[in-house]
Amino acid sequence: MATRARERLLATADELFYSEGVRAVGVERLLEVSGVGRASFYRHFSSKEDLALAVLRSRDERWRAWLEQAVTARGGAPLAIFDALAERFASSEFRGCAFINAMIEDTDLDSPVYRLAAEHKQAVAAYIADLLAEAGHPESRQLAQQFLMLMDGAHVTAQRIRSAAPALQAKAIAEVLLARHP
């Protein structure tokens, strides 16, 4: 039973934090929507921040696994990242990048939430660098940072205009970058 309460809290928090923001969702609302009691909440999580960290860790694992699978399914080329993002941006549930959103809400560079979000971005950049290196691009780390900037910008723009087009625009810019760094 306790495991189900933890799972319900995580699922509820994942949905509400992503759609409404961590700060906007209070513990009372989490308890109400999840159907979990206060004692169970505090048995599993010491605070709302602790729950937010667990949600972000889980989202990090799922998102990076999704990205790797989506890129592989599209042939494994670095530019496939942007095609995968375009598909994701087209979803009616898309609310931007959970990690950018978390960094915007918690701007303290030393906070655990901000650090976890920054670690996610570093892990994504490392994955991109590996893709670029495998594709024969000698400046893979520098290019990976540029790809990440394009991805982040595409996320924010797609959230603002509610369209998949920013991913394809970012892909066109990435193509130019790759042509300059053969």
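The lining of the largest cavity comprises eight nonpolar, two polar and three charged residues. This cavity belongs to a predicted model. Its volume is about 120 Å³. The lining numbers 13 residues, and Phe-17, Tyr-18, Val-22, Leu-56 and Ala-98 are the closest to the centre. Helices α1, α4 and α6 each give two or more residues to this lining.

Two cavities of 30 Å³ or more were found. The second largest has a volume of about 40 Å³. Trp-63, Cys-97, His-120, Lys-121, Val-124, Leu-148, Met-151, Asp-152 and His-155 line this second cavity. Here the elements that supply two or more residues are α7 and α8, the latter spanning 140-161. Helix α8 gives the most, with four residues. By class, the lining of the second largest cavity splits into five nonpolar, two polar and two charged residues.

The search also returned pockets. The largest pocket holds about 260 Å³ of space. Its lining consists of 16 residues. Nearest the centre of the pocket lie Tyr-18, Arg-59, Glu-93, Phe-94 and Arg-95. Tyr-18 is also among the residues closest to the centre of the largest cavity. Helices α1 (2-20), α4 (48-73) and α6 each contribute at least two residues to the pocket lining. The most come from α1, which supplies three. Six nonpolar, five polar and five charged residues make up the lining of the largest pocket.

Charged pairs were examined next. Eight salt bridges were found in the whole structure. One of them joins Arg-59 to Asp-14, with the closest N and O atoms 3.0 Å apart. Arg-59 lies in helix α4 and Asp-14 in helix α1, so this salt bridge ties together parts that are 45 residues apart in sequence. Both partners, Arg-59 and Asp-14, are buried. A network of salt bridges links Asp-14, Arg-59 and Arg-62. Arg-59 is also one of the residues nearest the centre of the largest pocket.

A second pair is formed by Glu-87 and Arg-74, whose closest N and O atoms are 2.4 Å apart. This salt bridge links distant parts of the chain, 13 residues apart. Glu-87 sits in helix α5 (residues 80-89), and Arg-74 sits in the loop between α4 and α5. Glu-87 counts as exposed because its relative accessibility is 53%, above the 50% cut-off. Arg-74 has 32% relative accessibility and therefore counts as partly exposed.

A third pair brings together Lys-171 and Asp-83, with 2.9 Å between the closest N and O atoms. Again distant parts of the chain are linked: Lys-171 belongs to helix α9 (residues 165-180) and Asp-83 to helix α5, 88 residues apart. Lys-171 has a relative accessible area of 18% and is therefore buried, since the cut-off for that class is under 20%. Asp-83, at 27%, is partly exposed.

The loop that leads into α7 was then considered. Ser-111 lies in this loop, between α6 (98-105) and α7 (112-134). Ser-111 counts as buried because its relative accessibility is 6%. The side chain of Ser-111 makes a polar contact with the side chain of Asp-106, at 2.9 Å.

Helix α7 itself has 23 residues. From its first C-alpha to its last, α7 reaches 33 Å. This is close to the 33 Å expected at 1.5 Å a residue. Just after α7, Gly-136 takes a positive phi of about 90°. Helix α7 also gives two or more residues to the lining of the second largest cavity.

Notes. Residues numbered from 1 in each chain as written. Predicted model: local features only at pLDDT ≥ 70, side-chain atom pairs only at ≥ 80, totals over all residues. Heavy atoms only, no water. Buried < 20%, exposed > 50% of the residue type's maximum accessible area, 1.4 Å probe, protein only. Polar contact = N/O pair within 3.5 Å; in protein donor to acceptor, adjacent residues only side chain to side chain. 1 Å grid on protein atoms, 1.4 Å probe; cavity = no way out; pocket = protein on both sides within 12 Å on 5 of 7 lines; lining within 4 Å. Points joined across faces, edges and corners; volume = space filled by probe spheres on them. Nonpolar A, V, L, I, M, F, W, Y, C, P; charged D, E, K, R; others polar. Expected span 1.5 Å × (residues − 1). Salt bridge = Lys/Arg side-chain N within 4 Å of Asp/Glu carboxyl O.
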